[in-house]
Amino acid sequence: MYELHNLIEKLQERKTKFKSEYTEEEDLIQVRDVLNKRLVTLKNKLIEDPSNQSNMLEYGFLQDEVMRINKRLIDVKEKYSTKEAKIEKYDKLINYNIQELFTYVDFIKQFKIDDKLYQAMQDSLVSLDRNINKLNELRKEDDSQ
């Protein structure tokens with residue numbers, strides 16, 4: 001079981017690396033939103049005590065960070081501004097997730113956890129993969145018309 005956990009951990013590390021490339025926009029938006037909430041809190045604190053140097057310093061730093069993130073967001077949005085780029089991005093994420101699931105199913109088989117569970121998951125994954133491919137083909141047909 002230790003070997004299985006080690007393999008899963010390595011897969012999760014690879015997944016994190018892979019996803020960071022394709023989910024940067026969502027991550028930046030989330031960070032920006034958190035920083036904006038903190039800016040509102042600091043603004044209220046500065047209204048109460050305008051001479052607080054640490055709050056003024058943090059407020060200025062956060063404003064600069066939000067501006068930097070907004071600039072980066074513009075670059076990332078331009079990178080994925082076309083429909084084709086967005087489709088490619090999500091196709092890669094879906095394919096990666098499907099391959100990851102196939103790997104987990106192989107672990108179930110390799111470690112002989114449960115044959116019925118293995119077969120059920122394998123059948124579901126094959127069906128999912130086939131259906132996603134068919135859906136993509138139908139979308140491409142609609143786009144070409």
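Is E65 buried, exposed or partly exposed, and what is the relative accessible area of this residue? In the predicted model examined here, E65 has a relative accessible area of 21% and is therefore classed as partly exposed, the buried class being reserved for values under 20%. The side chain of E65 takes part in a salt bridge with that of R68, with a separation of 2.8 Å from N to O. Both residues belong to helix 3, which spans residues 53–79, and they are 3 residues apart, or about one turn of the helix. R68 is likewise partly exposed, since its relative accessible area of 47% does not pass the limit of over 50% that defines an exposed residue.

Side chains of opposite charge can pair when their charged atoms come close. The count of salt bridges in the model comes to 7, and among them is a pair formed by E100 and K15, whose closest N and O atoms are 3.2 Å apart. E100 is located in helix 4 (residues 83–110) and K15 in helix 1 (residues 2–22), so that this salt bridge ties together parts that are 85 residues apart in sequence. With regard to accessibility, E100 is buried, at a relative accessible area of 7%, whereas K15, at 24% relative accessibility, counts as partly exposed. The salt bridge between E100 and K15 thus joins a buried residue to a partly exposed one.

A further salt bridge is found between R32 and D33, for which the closest N and O atoms lie 3.7 Å apart. D33 falls into the partly exposed class, with a relative accessibility of 36%.

Attention may next be given to the pockets of the model. The largest pocket has a volume of about 330 Å³, and it is lined by 13 residues, of which I87, D91, N136, R139 and K140 are the closest to its centre. Helix 4, the helix that also holds E100, supplies at least two residues of this lining, as does helix 5, which covers residues 115–144. Helix 5 makes the greatest contribution to the lining of the largest pocket, providing 7 residues. When the lining residues are sorted by class, 5 are nonpolar, 3 are polar and 5 are charged.

Conventions:
Residues numbered from 1 in each chain as written. Predicted model: local features only at pLDDT ≥ 70, side-chain atom pairs only at ≥ 80, totals over all residues. Heavy atoms only, no water. Salt bridge = Lys/Arg side-chain N within 4 Å of Asp/Glu carboxyl O. Helix = DSSP H or I, 4+ residues; strand = E, 2+ residues; numbered from the N terminus. Buried < 20%, exposed > 50% of the residue type's maximum accessible area, 1.4 Å probe, protein only. 1 Å grid on protein atoms, 1.4 Å probe; cavity = no way out; pocket = protein on both sides within 12 Å on 5 of 7 lines; lining within 4 Å. Points joined across faces, edges and corners; volume = space filled by probe spheres on them. Nonpolar A, V, L, I, M, F, W, Y, C, P; charged D, E, K, R; others polar.
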